[in-house]
There are 2 protein chains.
Amino acid sequence: MRVSGKRRSQKERSAETSARLMNATIDLLHDQGLARTTTPEIARMAGVSRGALTHHFAGREAIISASVADMLGKAARDLHRFAEDFMARGGSSDEIVDYAWRMMDDRLFYVTMEYLPEARHNPAFRADLIPTVKEFHAGLDAVWTALAARAGTDPDHTRTVMNATMCLVRGMISQTVLRPNDPAYYEGLLGFWKQQVRQHFPMKPAAALTGRRKTATA
Amino acid sequence: MRVSGKRRSQKERSAETSARLMNATIDLLHDQGLARTTTPEIARMAGVSRGALTHHFAGREAIISASVADMLGKAARDLHRFAEDFMARGGSSDEIVDYAWRMMDDRLFYVTMEYLPEARHNPAFRADLIPTVKEFHAGLDAVWTALAARAGTDPDHTRTVMNATMCLVRGMISQTVLRPNDPAYYEGLLGFWKQQVRQHFPMKPAAALTGRRKTATA
DNA sequence: ACTTACAAACAGTCAAGCCTGTTTTTTGAA
DNA sequence: TTCAAAAAACAGGCTTGACTGTTTGTAAGT
């Protein structure tokens with residue numbers, strides 16, 4: 001009965017160490033940048049030896065790639081949960097824009113900005129990442145499609161609107177780096193965009209169903 | 001071996017060497033990435049010795065910072081020229097969206113993606129870059145304002161629309177790295193966006209003297 | 001016993017900054 | 001005008017430091 005974790009199986013040890021290393025990698029990518037995300041630093045931040053890292057991952061690229069996949073998987077699951085709740089209670093399209101901003105601003109796109117340049121120049125790394133990102137995009141598309149079904153809008157058009165929203169947010173976040181201390185600018189852009197999105201989201205006051213759970217899971 | 005047998009002044013030699021080094025730096029940033037943009041590589045690509053580089057620039061960060069400033073200055077001047085021509089002949093708002101895309105896609109934002117992460121983590125580098133970027137943004141704003149005056153639209157609102165356009169394009173270009181071979185996706189987004197922008201640009205045919213482009217009403 | 005999980009030292013590589021030497025241009029006084 | 005000293009523009013080597021991949025050693029789990 002290892003309730004307090006005195007004796008752990010090898011699988012458990014391995015899984016936790018891997019998780020600690022991947023979390024440390026994402027933390028480091030966000031806080032220090034890819035260039036400063038060295039294997040000694042990752043190991044140090046994860047509280048394990050560098051030998052442990054080399055045991056679990058083939059090398060620097062491998063652990064970064066795995067960590068990114070882990071991060072995107074979590075983000076996709078979070079978005080999915082948000083969409084479930086959103087559709088259950090019938091929120092406003094403004095919320096979606098706000099969620100997109102918060103999701104990307106909450107480290108996701110800052111971390112992305114770290115590895116995108118490397119992916120652009122390193123074919124092996126890029127090849128590793130493309131399937132991961134494709135799956136993430138598929139997850140997004142599924143959510144947008146469900147949203148369209150819920151709102152009764154054209155799925156293709158809805159996906160375009162939401163993808164544009166994501167791109168807008170990406171561009172805005174990239175600006176925050178060298179255009180800091182200008183909240184009015186970003187508020188203005190988000191406000192403008194919410195107004196635009198509303199036009200494409202009649203978002204019928206389905207709030208009448210508030211309180212009812214899953215209506216139809218296409 | 002002298003180009004035309006003439007003696008060149010020190011200012012000329014210095015200016016040309018600096019320009020060669022800065023151009024090589026941007027080329028390298030775009031083609032190889034920031035991490036691979038080393039001072040030996042820059043010198044080799046510029047066809048000068050590393051000593052020449054250290055003579056003209058205080059160090060690696062300094063030459064990169066100077067090169068970026070040079071690049072942004074050129075881009076701002078190009079945009080200004082485009083706007084002059086655009087206003088003289090009275091183009092469609094679609095053209096502006098297309099120009100924004102072309103400008104950013106033509107290395108500008110790919111190079112930006114290289115140094116943004118470094119700027120985010122290196123306070124000195126960021127402090128060096130912020131004034132440069134602020135000036136670039138001021139140049140953009142001036143163009144948008146002139147455009148608003150020409151179109152008879154509200155300057156503030158026009159700036160918001162155009163800044164949103166820039167952000168959208170930034171986000172789209174960042175996607176191209178890990179979402180390649182999907183021209184329909186980008187075409188779709190740009191087409192959708194042009195449609196949105198048209199709503200905010202009556203773009204009165206006031207001076208529509210010259211042959212107008214496609215202005216399909218969707 | 002045998003494998004897995006980890007620890008730690010090792011070796012090769014390479015860029016950044018520094019420093020010294022060499023060539024080209026400018027300066028200023030005879 | 002001449003021409004040598006000063007200054008600027010370059011060339012190239014040396015040192016240090018840090019990171020990656022690898023290998024060897026050890027304890028824990030099955």
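B:R89 counts as partly exposed, because its relative accessibility is 23% (buried is under 20% relative accessible area, exposed over 50%, partly exposed in between; 1.4 Å probe, protein chains only). B:R89 sits in helix 4 (residues 60-89) of chain B. Helices here are DSSP runs of H or I of at least four residues, numbered from the N terminus. The side chain of B:R89 makes a polar contact of 2.6 Å with that of B:E95. A polar contact is a pair of N or O atoms within 3.5 Å; within protein, one must be able to donate a hydrogen and the other to accept it, and residues adjacent in sequence count only if both atoms are side-chain atoms.

This is a predicted model: local features need pLDDT of at least 70, side-chain atom pairs count only at pLDDT 80 or more, and totals for chains, interfaces and linings use all residues. Residues are numbered from 1 along each chain as written, chains are lettered from A in the order written, and side-chain values use heavy atoms, without hydrogens and water.

**The DNA strands**

A residue is near a strand if one of its heavy atoms lies within 4 Å of it. DNA strand C has 22 residues around it; A:S49, A:H56, B:T39, B:R50 and B:R60 come nearest. Sugar and phosphate supply 74% of the strand C atoms within 4 Å of the protein. DNA strand D is surrounded by 21 residues, the closest being A:T39, A:R50, B:S49, B:H55 and B:H56. For strand D, the sugar or phosphate share of atoms within 4 Å of the protein is 69%, and bases make up the rest.

| Protein atom | DNA atom | Distance |
|---|---|---|
| A:R13, polar side-chain | strand C, sugar or linking oxygen | 3.3 Å |
| B:T39, side-chain N or O | strand C, phosphate oxygen | 2.6 Å |
| B:R60, side-chain N or O | strand C, phosphate oxygen | 3.4 Å |
| A:R50, polar side-chain | strand D, base oxygen | 2.5 Å |
| B:S49, polar backbone | strand D, phosphate oxygen | 2.6 Å |
| B:H55, polar side-chain | strand D, phosphate oxygen | 2.8 Å |

Helix 3 of chain B gives the largest share of the surface near strand D, 5 residues.

**Symmetry and core**

Chain B superposes on chain A by a rotation of 180 degrees with 0.0 Å of shift along the axis, at RMSD 0.1 Å. The fit is by least squares on C-alpha atoms of residues with pLDDT of at least 70 in both copies. The copies are thus related as by a two-fold rotation axis.

The largest nonpolar core has 130 residues. Such a core is a set of buried Ala, Val, Leu, Ile, Met, Phe, Trp, Tyr and Cys residues joined through side-chain atoms within 4.5 Å. B:W144 is among the residues with the most contacts inside it.

Terms used:
Helix = DSSP H or I, 4+ residues; strand = E, 2+ residues; numbered from the N terminus.
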